[in-house]
Amino acid sequence: MDMIKVVILEDDQTQVDLTKKFLEQYSQTENCLFHVQSYNSPLEFLETYEYDADLIFLDIRMPGLTGMAVAREIRKKDESVTIIFITSLTQYAIEGYEVNAEDYIVKPINYPEFKIKLNRCLSRITLKNSRTVTFVNNDSIIKLSMDSITYIETDLHRLIFHDNESFTYVKHQSMKECEEEFKDTDFLRINSSYLVNLRYANNIQGGDMILSDGTRLKISRPRMNQVVKAFLDFKK
């Protein structure tokens, strides 16, 4: 059963309670659990939020700082968290697309509409979470699609992730843990130092795996037969 981290930012406590009630009602009939945090102050939220939510319900019209301004601050550090605006006026909701909001719900909210929109969002969240790797870089959080990673290499007690645009990302994790995380994907361990995305493997030549950008990675002798077979099977 999935656990979805939800934040509700809303200055109207009645609306907070109603959203929590709908989430609880949803969890009783669907294979999903919610860990819910609520805030009634935009400034308090921005000061304490740890950028770890899967889904944020965000009121657009709040005193002190608008929901749109809060969303812009969120997007500076987290480009992928799902945002649903809750608003009493549709003209404000349309502005939500400027900050890549997933959807909006017009007050007064009702459960049938809430369920339909939550279903759609949770399907995308589940898919997104299962195919991304999260990196914490200073104050920002980056979620990188697995499909965009070309290969991963060890460097002392950390891993370096190379993507298809020649950017690199660092994570403190063991290769063994990473290999477990990436099992049942298109990634293949070719030696103790490299985990390669076979989508970007072009050829095997002279004991090396050659990637689409020309990178050559050494295949260990004990793994050679296994790597060649996996490579050929994938290309078929």
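## A tour from strand β13 to strand β5

Start by selecting strands β13 and β14 (residues 208–211): four bridges join the two, which run antiparallel. Strands here are DSSP runs of E with at least two residues, helices are runs of H or I with at least four, and both are numbered from the N terminus. Two strands pair if DSSP finds at least two bridges between them.

Before moving on, a word on what is on your screen. This is a predicted model, in which local features need pLDDT of at least 70 and side-chain atom pairs count only at pLDDT 80 or more, while totals for chains, interfaces and linings use all residues. Residues are numbered from 1 along each chain as its sequence is written, and side-chain values use heavy atoms, with hydrogens and water left out.

**Stop 1: the three-stranded sheet**

Stay with β13 and pick Asn203, which stands opposite Ile210 in β14. Helix α7 (residues 224–235) packs on this sheet and touches β13 and β14; contact means heavy atoms within 4.5 Å. The direction of α7 makes about 145° with that of β13. For such angles, axes are lines fitted to C-alpha atoms (for helices, over the stretch in contact), and the values run from 0 to 180 degrees between N-to-C directions.

Now add β15 to the selection. The open sheet has three strands in the order β13-β14-β15, with antiparallel pairing. Each of β13 (201–205) and β15 (216–218) stands at an edge with a single partner strand, so one side of each is left without a neighbour in the sheet. From one strand to the next, the twist averages 25°.

**Stop 2: the whole chain**

Zoom out for a moment. The chain has seven helices and 15 strands, and its C-alpha trace spans about 65 × 35 × 30 Å along the principal axes. Of the 236 residues, 43% are buried; buried means under 20% relative accessible area, exposed over 50%, and partly exposed in between (1.4 Å probe, protein chains only). Among contacts between residues at least 6 apart in sequence, 52% join residues at least 24 apart.

**Stop 3: the five-stranded sheet**

Next, select β8 to β12. They form an open sheet in the order β10-β9-β8-β12-β11, with antiparallel pairing. At its edges stand β10 (168–171) and β11, each with a single partner strand, so each has one side without a neighbour in the sheet. Neighbouring strands are turned by 20° against each other on average, direction ignored. Zoom in on β8 (residues 149–155) and β9, which pair in the antiparallel sense over six bridges. There you can find Ile149 with its bridge partner Asp163 in β9.

**Stop 4: Arg189 on the edge strand**

Is Arg189 buried or exposed? At 13% relative accessibility, Arg189 counts as buried. You will find this residue in strand β11 (residues 187–189). Show its side chain: a polar contact links it to the side chain of Glu179 (2.7 Å), and the backbone oxygen of Ser192 is reached at 3.2 Å. A polar contact is a pair of N or O atoms within 3.5 Å; within protein, one must be able to donate a hydrogen and the other to accept it, and residues adjacent in sequence count only if both atoms are side-chain atoms. Leaving aside neighbours within four places in sequence, the contacts of Arg189 include Tyr194, Leu195, Arg223 and Val227.

**Stop 5: aromatic rings**

Rings of Phe, Tyr and Trp (its six-membered ring) pair if their centres lie within 6.5 Å; planes under 30 degrees apart count as stacked, over 60 as edge-to-face and the rest as tilted. By this rule there are eleven aromatic pairs. Select Phe135 and Phe161: the ring centres are 5.0 Å apart and the planes at 80°, so this pair is edge-to-face. Phe135 lies in strand β6 (residues 132–137) and Phe161 in strand β9 (residues 158–163), so the pair ties together parts 26 residues apart in sequence. Both Phe135 and Phe161 are buried. Elsewhere, Phe22, Phe57, Tyr111 and Phe114 form one aromatic cluster.

**Stop 6: strands β4 and β5**

Finish with strands β4 (residues 82–87) and β5, which run parallel and are joined by four bridges. Look for Ile86, opposite Ile105 in β5. Which side chains of strand β5 (residues 103–106) are buried? Asp103 and Ile105 point to one face and are buried, while Tyr104 and Val106 point to the other and are not.
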